[in-house]
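Biologist: Please take one part of this model and look at it closely, starting from a single side chain and working outwards. Plain words will do, as I am new to reading structures.

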Amino acid sequence: MEFNNNQNEETFPFSVKLVDEPINSKLLNDFRGEKTGFVQVGDDKWLFPSKYQDSAKHFYNFPARPDDVWVATYPRSGTTWTQEMVWLICNNLDFQAARREKLTKRFPFFEFHMFMHDKMKEQFLSENIEVTDKQFIEEASNPVYEILDSMTTRRFIKTHFPISLLPPSIFKTGAKVIYVARNPSDVVVSYYHLNRLYRTQGYVGDFETFYNYFENNLTPWSPYWTHLKQGWQARCLPNVLFMFYENMNKNLPETIRTVANFLDKHLSDEELTKLIDHLSIDKFKNNPSVNGDDLKAVGILNDSTQGFIRQGKVNSAEYEMTNEIKERVHKWTLFNLKDTDLRFPSM
C-alpha cells in the first residue's frame, strides 16, 4: 500500500508500504503492542508501526525553531542520560525543576504516539478505570508535534528518527541536534529488554528471535547501521554534535563540557561536579523524574521485567549472548563498517 501525500504541504519524499506477509504476521505475533501491522519507509525500509502512515507528512513538515534542541539516537544509545544532561545545562542546573517535572514533559518524545495503538489505549484506560485523572494516557496517545506547536518556551525534543526522516526545517533553521551512537552488542540486549518492558511494544519472544529481527532490520527504527551512518555523515554540519555513548561513559566530565560548549553554555568546576553527581548511574536509576515511574503508574511499563534504566555500562551485554550470536554480531559489524570510517571507541 502506497502512502498518498497531501499536496498542500511539502511533498513527503518517501514511500510507505506495509511489510510483506508472512513477516508482518510474525511481527504481530511477537510484538503484541501493535495490532494492525508494520510499515517500511523509503528505500532504506525504516520499520515503524502502522500509525506512522497517518503522521508521516506531519513529522516531516514539523516547523523547527532556531533555539530547539533535539536529542537523536537509535534506541538504547544513552538517550535518557543525554536528555537530562542537555536539559540541565540549558536550564542553569535547575535540579529542583528537574525533580519536580518528569523528563517526559520537559523533553517530549517526538514520535511516541505512533506506538500507542488505539486498542492498547483502550486497554490502558480500562485498566486504570479507578484512576480519576487519565490525562497521562490521553497525552501519550496524542501527537507530540501538536503539543510542541503550542509551546512558547524553548523546546527540547527527543527522537529516534534517523537524520533522513527528521524535519528538514531543523537544518534550515539551525536547530541544535545531538546524535548519540552506541555499539550494537549493548544496544541489541538493552533494546530487547526495552521491548519486553514497554507494553506498547509488547515483545513476547526470546532474545535469539529478537536478535534475528534486529540483524534483519525488523525492529522499530531499524536499519541500525544506516541510522548510525547517517548520524556520522551529519557530524560535519554546524548544528550537529555526534557523540559515542562509550566516550560518555568513559569520561563524563569531558562529555558535559563538550555538550555545554555546543549549546553555548559555560559551567564552573563546582557546577560540573554537581552535574556529574546527579548523572551518576546509581542516582539516575533511582531518580523518579527520569526512570519511567509515570509510565509504570498507568501500566505502560511491564512490572515483571527489568527497569527502564539498566546497567549503563559498556560491553556489559555479552554475558547475555551465546557464543554464536557474539560471532554473528562481530561479523555483522565488520561487514557494515567496510564502507565507512565510523569506528566505536571500544573497538
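**A close look, starting from tryptophan 332**

Modeller: Tryptophan 332 has a relative accessible area of 12%, so this residue is buried, the limit for that word being under 20%. Please keep in mind that the model is predicted. Tryptophan 332 sits in helix H18, which runs over residues 323-336. Which residues does tryptophan 332 contact, leaving aside its neighbours within four places in sequence? They are Pro184, Tyr211, Phe214, Glu215, Tyr224 and Trp225. Tryptophan 225 is 107 residues away from tryptophan 332 along the chain, yet their C-alpha atoms are separated by 9.7 Å.

The contact list leads to the loop between helix H11 (207-215) and helix H12 (224-233), where proline 223 lies. Serine 222 and proline 223 are joined by a cis peptide bond, with omega at about 15 degrees. Tryptophan 221 also has its place in the loop between H11 and H12. Its phi is near 75 degrees, which is a positive value in a residue other than glycine. Is tryptophan 221 buried or exposed? Tryptophan 221 has a relative accessible area of 2% and is therefore buried.

A cis bond is also found between glutamate 21 and proline 22, where omega is near 5 degrees. Proline 22 belongs to the loop that links strand E1 (16-18) to helix H1 (23-30).

Now to another buried side chain. Arginine 106 is in helix H5, residues 103-106. Why is arginine 106 called buried? Its relative accessible area is 5%, so arginine 106 falls on the buried side of the 20% limit. Its side chain makes a polar contact with the side chain of glutamate 84 at 2.8 Å or 2.9 Å, depending on the partner you ask about: for arginine 106 the value is 2.9 Å, and for histidine 278 the value is 2.8 Å. Glutamate 84 is thus a partner of arginine 106 and of histidine 278. The side chain of arginine 106 also reaches the backbone oxygen of glutamate 101, at 2.8 Å. Not counting residues up to four places away in sequence, arginine 106 touches Glu84, Trp87, Ala97, Ala98, Glu101, Phe156, Ser289 and Val290.

Histidine 278 is part of helix H15, residues 269-278. With a relative accessible area of 12%, histidine 278 is buried. Apart from neighbours within four places in sequence, histidine 278 is in contact with Glu84, Leu88, Phe95, Lys283, Phe284 and Asn287.

Helix H15 also meets helix H14. Two packed helices are described by the angle between their axes and the distance between the axes. At what angle do the axes of H14 and H15 cross? The axes of H14 (residues 252-262) and H15 cross at roughly 115 degrees and come within 10 Å. The crossing of H14 past H15 is right-handed. On the H14 side the residues are Leu252, Pro253, Ile256 and Arg257, and they meet Asp269, Leu272, Leu275 and Ile276 in H15. By class, this contact has six nonpolar, no polar and two charged residues.

Back at helix H3 (79-90), the chain enters a loop that runs between H3 and helix H4 (95-100), and asparagine 91 is found there. Its relative accessibility is 25%, so asparagine 91 counts as partly exposed. From asparagine 91 to tyrosine 203 there are 112 residues in sequence and 37 Å in space, C-alpha to C-alpha. Asparagine 92 has its place in the loop between H3 and H4 as well. Although asparagine 92 is not a glycine, its phi is positive, about 55 degrees. At 61% relative accessibility, asparagine 92 counts as exposed, because that word applies over 50%.

The cysteines give one last point. How many disulfides does the structure hold? The number is zero. Cysteine 90 is buried, with a relative accessible area of 9%, whereas cysteine 236 is exposed, at 65%.

How values were computed: Residues are numbered from 1 along each chain as its sequence is written. This is a predicted model: local features need pLDDT of at least 70, side-chain atom pairs count only at pLDDT 80 or more; totals for chains, interfaces and linings use all residues. Side-chain values use heavy atoms; hydrogens and water are left out. Helices (H or I, at least four residues) and strands (E, at least two) are DSSP runs, numbered from the N terminus. Buried means under 20% relative accessible area, exposed over 50%, partly exposed in between (1.4 Å probe, protein chains only). A polar contact is a pair of N or O atoms within 3.5 Å; within protein, one must be able to donate a hydrogen and the other to accept it, and residues adjacent in sequence count only if both atoms are side-chain atoms. Contact means heavy atoms within 4.5 Å. Axes are lines fitted to C-alpha atoms, for helices over the stretch in contact, and angles run from 0 to 180 degrees between N-to-C directions. A crossing is left-handed if the near helix is turned anticlockwise from the far one by less than a right angle, and right-handed if clockwise. Ala, Val, Leu, Ile, Met, Phe, Trp, Tyr, Cys and Pro count as nonpolar, Asp, Glu, Lys and Arg as charged, and the others, Gly among them, as polar. A disulfide is a pair of cysteine sulfur atoms within 2.5 Å.
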